[in-house]
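Colleague: I am a first-year student and would like a close look at a single part of this model. Could you pick one place and explain it step by step?

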Amino acid sequence: MQLLFLFGLTLAAGLFFILLDVLRLPYLSTAKAMLNTTRAEKKAARSFETYLMTFAVKLSRYIRMDEYRKHRLKNVLKATGMNMEPEIYQTYALVKAGAILLAVIPAGLVFPLLVPVVVFLSVMVYFKETKKADEKLSVKRAAVEKELPRFVASIEQELKASRDVLSIVESYKKNAGEVFAGELTMLAADMRSSSYEAALTRFEARLNSPMLSDITRGLIGALRGDDSTLYFQMLAHDFKQLELQRLKSEAQKIPPKIRVFSFLMLMCFLFTYLAIIAFEIIKSLGGMF
């Protein structure tokens, strides 16, 4: 029995290595290094993700996407720091879902009732992977939009003295948050290597934010010689109102969280008063007897 088990194990390992050689897949260390370059996070890729990405790269040549969807997904991946092609991103989601779907075979042999659960899990993983880039972009867009009211107020003051948009961007970059500072760094480098208007247009397209579109429209107008001071004054007022609405909406989410603690404090006060009243009653009854 042990010899049969060892024979099956060595046969499976041999077939696996032959398959790797036939498909011309890179070594695990090489694939990990390639995968880590596509990740914006500092967290290293795991071996399972490395194998999935390797197969996704091989299968991505068979994926066909329409030009609009491909261009949009490419901009989203670039904005989120996921340095991969749209076809590879789409194929990775399919490969990961397919890898989970393979668990249907042992589940059907051991416990058939688990088959629908595995299929449902595979579908959920696929949709989660396909929406990962959009979710990262939404988080990044929200972090940038929090700083835009302060950025507009800074532009309003800077335009009174100078119309040098590059100087305005670099001046605010020193005090910006980590996410917005990274975007402004890319914008400044793009402005140095190309025309200012084209760089601002690409900056707007990366995040696809309506608030950022209003800012870039005003900056492009300033580059063309328009007096954009009044425009940014009105924009600063509108952004301030949006900021107040955002803070109010965040404040409204706080009471449900502290309602439980408020109830506990109320109960503590009631027990304190009841304890004092009971102590006084017992004391008075003791004096009577």
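Modeller: Gladly; what follows goes from the whole chain to one helix pair and then to its surroundings.

First, some ground rules: this is a predicted model, in which local features need pLDDT of at least 70 and side-chain atom pairs count only at pLDDT 80 or more, while totals for chains, interfaces and linings use all residues. Residues are numbered from 1 along each chain as its sequence is written, and side-chain values use heavy atoms, with hydrogens and water left out.

The chain has 289 residues, of which 30% count as buried; buried means under 20% relative accessible area, exposed over 50%, and partly exposed in between, with a 1.4 Å probe and protein chains only. There are 15 helices and zero strands. These are DSSP runs numbered from the N terminus: H or I over at least four residues for a helix, E over at least two for a strand.

How far can we trust the picture? The average pLDDT of the chain is 77, and 78% of the residues score at least 70; pLDDT is the predictor's confidence in each residue, from 0 to 100. Among the elements, helix 11 (residues 178–193) has the highest mean, 88, and helix 2 (residues 28–36) the lowest, 50. Over residues 40–45 the pLDDT is below 50, although this stretch has eleven contacts in the model beyond near neighbours in sequence. Where pLDDT is low, the predicted coordinates should not be read in detail.

So let us look at helix 11 and its partner, helix 8. How do the two pack? Their axes are 8 Å apart, at an angle of about 90 degrees. (Axes are lines fitted to C-alpha atoms, for helices over the stretch in contact, and angles run from 0 to 180 degrees between N-to-C directions.) That makes helix 8 roughly perpendicular to helix 11. Angles of 65 to 115 degrees earn that word, while those under 35 are roughly parallel, those over 145 roughly antiparallel, and the rest oblique.

Helix 8 brings Lys140, Ala143 and Val144 to meet Val179, Phe180 and Glu183 of helix 11; a contact means heavy atoms within 4.5 Å. By class, four of these residues are nonpolar, none polar and two charged. Here Ala, Val, Leu, Ile, Met, Phe, Trp, Tyr, Cys and Pro count as nonpolar, Asp, Glu, Lys and Arg as charged, and the others, Gly among them, as polar.

Now zoom in on Lys140, which lies in helix 8 (residues 132–145). Is Lys140 buried or exposed? Lys140 counts as buried because its relative accessible area is 18%. Not counting residues up to four places away in sequence, Lys140 touches Ala79, Val179, Glu183 and Leu207.

Finally, step out to the core. A nonpolar core is a set of buried Ala, Val, Leu, Ile, Met, Phe, Trp, Tyr and Cys residues joined through side-chain atoms within 4.5 Å. The largest one holds 48 residues, and Leu148, Phe180, Leu184 and Ile215 touch the most other members. Phe180 is thus a name to notice twice, as it also takes part in the meeting with helix 8. Leu184, leaving aside its neighbours within four places in sequence, is in contact with Phe151, Val169, Tyr172, Lys173, Ala176 and Phe203.
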